[in-house]
Amino acid sequence: MTEHNTKLTSAEIACTWTGYMNDSMSKCILGYFLKCVEDKEIKSIVRIAYDLSTAHVEKLRVLFQKEKIPLPVAFTNEHDVNKNAGRLYTDTFILTYVNHMAKVGMLAFSGFLSMSARKDIRLYFKEGLQEASNLYDTSSDIALSKGLFVRAPYIAYPTEPDTIDSKSYLSGFTFFSKERPLNAIEISHLYMNIQTNIIGSKLALSFAQTSQRENIQKWMLRGAKISEKHVQIFTQALLGNHIQPPVPHDIAISDLTTPVFSDRLAMFHMSFLSAAGTGNYATAAAASQRSDLVVNYERLSLEIGQYAKDGADIMIHHKWMEQPPGTKDKEQLAKKKE
């Protein structure tokens, strides 16, 4: 077979480079969690997640060396995390974080797999997808056993199939008519986006209170407020239909102000969550059939986009933003030659 002699495509370089950056970040965060977590069952799932990230970083390091691609600077335990800083997160938050990131991992690996052609790269992402799925399954079992798993809202079972018989089904609120009740698909996306914004808000607050830089603190606090506002908007949509929104259990942070993670890692993590949030909103907008929900997702995506842009400006100012692999400017090369 000749697949292994074939050079990586641009998509495969992008996916493996992104995977290396993400897993090196996860390794730092999960290593800190291992130092702080007290519950034995939760510690066991953190250990599994940490070992997976460590193995992924090593496999990709070997791949890059084999392909003669420079390793990203990325993140390391030596430079980007202070494991002796003290306890910043509760065990419940740690379990919720691992469960959430497992979901993000499933989406990422499935996307990477779909963009890969070479057999060994497809195998790597296929295994990663299975590992992320297993991590989600096991962390969900632990959360359920401890009464910490926040389920989506319940609705009455349908009694018969139905069809949409009016264009008004697609309409939201107007002065002339009340919006129709939410359907199950719309409820599921509202629920998921409430959950992700709650986690993002807590993370942003924790990064703000442990950062020593004023501009980082302000940007993180702004992110927390944006997430809280989005939670309120999505919650109101559910309450307007007499549906109880999800209420997480004690995913809190302590009063610790000692720096735990480098500002560079914290900024990267929030940018990563912003990108994931934009993707979630796009999916929710495409799946929702009520026009007011679609408009909300679109305008809130713009807010996240501007927030992420301002964060990128901060990272560039501090020389923290690592440039992904790319092509050379052919016009500049020609001018240099002349």
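Reader: What makes the residues of H2 and H4 a contact?

Author: In this predicted model, Ile 42, Ile 45, Val 46, Ala 49 and His 56 of H2 meet Asp 91, Ile 94, Leu 95, Val 98 and Phe 109 of H4. Contact requires heavy atoms within 4.5 Å, so these residues are counted as meeting on that criterion. By class, the contact of H2 with H4 holds 8 nonpolar, 1 polar and 1 charged residues.

Reader: Why is the crossing of H2 and H4 called left-handed?

Author: The axes of H2 (residues 40-67) and H4 (residues 91-114) come within 10 Å and cross at roughly 35 degrees. The crossing is called left-handed because the near helix is turned anticlockwise from the far one by less than a right angle.

Reader: How do you know that the contact of H1 with H5 includes charged residues?

Author: Glu 12, Cys 15, Thr 16 and Asp 23 in H1 meet Ile 121, Tyr 124 and Phe 125 in H5. Asp and Glu count as charged, so Glu 12 and Asp 23 belong to that class. The contact of H1 with H5 has 4 nonpolar, 1 polar and 2 charged residues.

Reader: What makes the largest set of 71 residues a nonpolar core?

Author: Its members are buried nonpolar residues joined through side-chain atoms within 4.5 Å, so the set meets the criterion for a core. Tyr 32, Phe 33 and Tyr 89 have the most contacts inside this core, and H1 gives the most to it, with 12 residues.

Reader: Which residues are among those of the other core?

Author: Another core, of 18 residues, lies apart from the largest one and includes Ile 187, Leu 190, Ala 237 and Ile 243.

Notes: Residues are numbered from 1 along each chain as its sequence is written. This is a predicted model: local features need pLDDT of at least 70, side-chain atom pairs count only at pLDDT 80 or more; totals for chains, interfaces and linings use all residues. Side-chain values use heavy atoms; hydrogens and water are left out. Axes are lines fitted to C-alpha atoms, for helices over the stretch in contact, and angles run from 0 to 180 degrees between N-to-C directions. Helices (H or I, at least four residues) and strands (E, at least two) are DSSP runs, numbered from the N terminus. Buried means under 20% relative accessible area, exposed over 50%, partly exposed in between (1.4 Å probe, protein chains only).
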